Amino acid sequence: MKNKINYILKERKEKIILPEKLGFGQYFTDHMFEMDYSKDKGWHNATIKPLSEIYLHPATSFIHYGQTIFEGLKAFRTIDDEIQIFRPDTHLERLNNSAKRICMPAVDTEFVLEAMRELIAIDSDWIPNKRGEALYIRPFMFGSDPALGVRPSSEYKFIIILSPVGAYYPEGFKPVKILAQDDYVRAVRKGLGECKTAANYAASLLAANEAAKKGFTQVLWLDGVEQKYIEEVGTMNIFIHFKDEIATPKLTGSILPGVTRRSVIQLLKEWGLNVTERLISIREVIDAYDSGNLIGVFGTGTAAIISSVGLLSYKGKDMMINNGNVGELDLKLFNELTAIHYGEKEDTHNWTFKVEKKAIEV
Ligand SMILES: *Cc1c(COP(=O)(O)O)cnc(C)c1O
């Protein structure tokens, strides 16, 4: 069955005025995309409609058993006032990988990309235009069977909502403090770590709270078996800049395969730098620090793009990295990626997908 999109559009009487301070995930545009899945009909009821509450039966399966996944990506208003989405194809491919791992149906990525573009076109007035600001896109899917019992749901809902977000670094690119700890683990190999599913974030909250109380921005997770190898940070992948190598933990199954990580690896390769994906023990990082071979540490993710690590702490040892300053390479990567996002630099990788403004008369 070929899907088509139904439109129920809101009548807009007033011009949209965005708040001065957008923050993250606080404001939403006035439309959403929604579709349903059932075993006999497949995906159906694809609709763009006014943003509204969703009403669920109290037994709805994902609330109890956690069958739910999401994606997070961004659309930008370029310096030429065009709108472009960064690597939506790669994000939707990852959505389908997440779906597969927890027995959820795949979506037709081309159709969903088309729906995403339509939704963004309709709500394009919500896309902020200051440098650093963006439209955050949150596609998600959940099991919607109104029945108890641990088994894959037979019905699902897929939704896309949009949120204008502020600059991650309103006061300029600043380094963060991270804590590597072994009191808790986020994910284990062969578990759900590589899947963007709710359980991983629930697993991370207590450690993140405790780290925050001690003044750290985020937690650096160690592997779930021996707590020996570094894995990733709360919502970012991690890169260790050694003297002769820029290394990032290889994807062993417990690490979320970040799209920013992938883009950064490609850029570093193109710049002729020695970038590797391998196991990196926390011990190796400490030894490099002690011997002066640790140049920098940075995180990568859609929200912050690049995050310089100024302080890394493990078992009471505080390692001040690059004197707590932003690394040169970190800044270069941040500038390169944002230049592509905002259309200042030609996108030679075909990473950006244009959105035709006002494809639909509102
Ligand atoms: C989303 C996410 C990342 C970063 O992925 P991007 O695709 O670069 O945004 C890294 N780690 C975790 C746990 C995440 O949820």
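**View 1. Two closed-off spaces inside a predicted model.** By the rule used here, the count comes to 2 cavities of 30 Å³ or more. A cavity is a set of points, on a 1 Å grid over the protein atoms alone, where a 1.4 Å probe fits but cannot get out. Points are joined across faces, edges and corners, and a volume is the space filled by probe spheres set on them. This is a predicted model, where local features need pLDDT of at least 70 and side-chain atom pairs count only at pLDDT 80 or more, while totals for chains, interfaces and linings use all residues. Residues are numbered from 1 along each chain as its sequence is written, and side-chain values use heavy atoms, with hydrogens and water left out.

**View 2. A look into the largest cavity.** About 90 Å³ of space lies in here. Among the lining residues (an atom within 4 Å of a point) are Phe76, Phe86, His91, Thr302 and His341. Strand E5 (73-77), H5 and helix H7 (328-341) each chip in at least two residues, with E5 giving the largest share, 3 residues. Helices (H or I, at least four residues) and strands (E, at least two) are DSSP runs, numbered from the N terminus. By class, this lining has 6 nonpolar, 4 polar and 1 charged residues.

**View 3. The largest pocket, home to the ligand.** The ligand takes up the space of the largest pocket; to count as sitting there, more than half of its atoms must lie within 2 Å of the grid points. A pocket is an open set with protein on both sides within 12 Å along at least five of seven lines. Its volume is about 570 Å³. Of the 31 lining residues, Thr235, Met236, Gly301, Thr302 and Ala303 are the closest to the centre. The lining splits into 12 nonpolar, 13 polar and 6 charged residues.

**View 4. Who sits around the ligand.** The shell holds 16 residues, and the closest are Lys196, Tyr201, Glu232, Thr260 and Thr302; a residue is near if one of its heavy atoms lies within 4 Å. Helix H2 (88-101), strand E12 (236-242) and helix H5 (259-270) each bring at least two of them.

**View 5. Polar contacts to the ligand.** Such a contact is a pair of N or O atoms within 3.5 Å. Glu232 puts a polar side-chain atom 2.5 Å from a ligand nitrogen, Thr302 has one 2.6 Å from a ligand oxygen, and an N or O atom in the Arg94 side chain is 2.8 Å from a ligand oxygen.

Conventions:
A polar contact is a pair of N or O atoms within 3.5 Å; within protein, one must be able to donate a hydrogen and the other to accept it, and residues adjacent in sequence count only if both atoms are side-chain atoms. Ala, Val, Leu, Ile, Met, Phe, Trp, Tyr, Cys and Pro count as nonpolar, Asp, Glu, Lys and Arg as charged, and the others, Gly among them, as polar.
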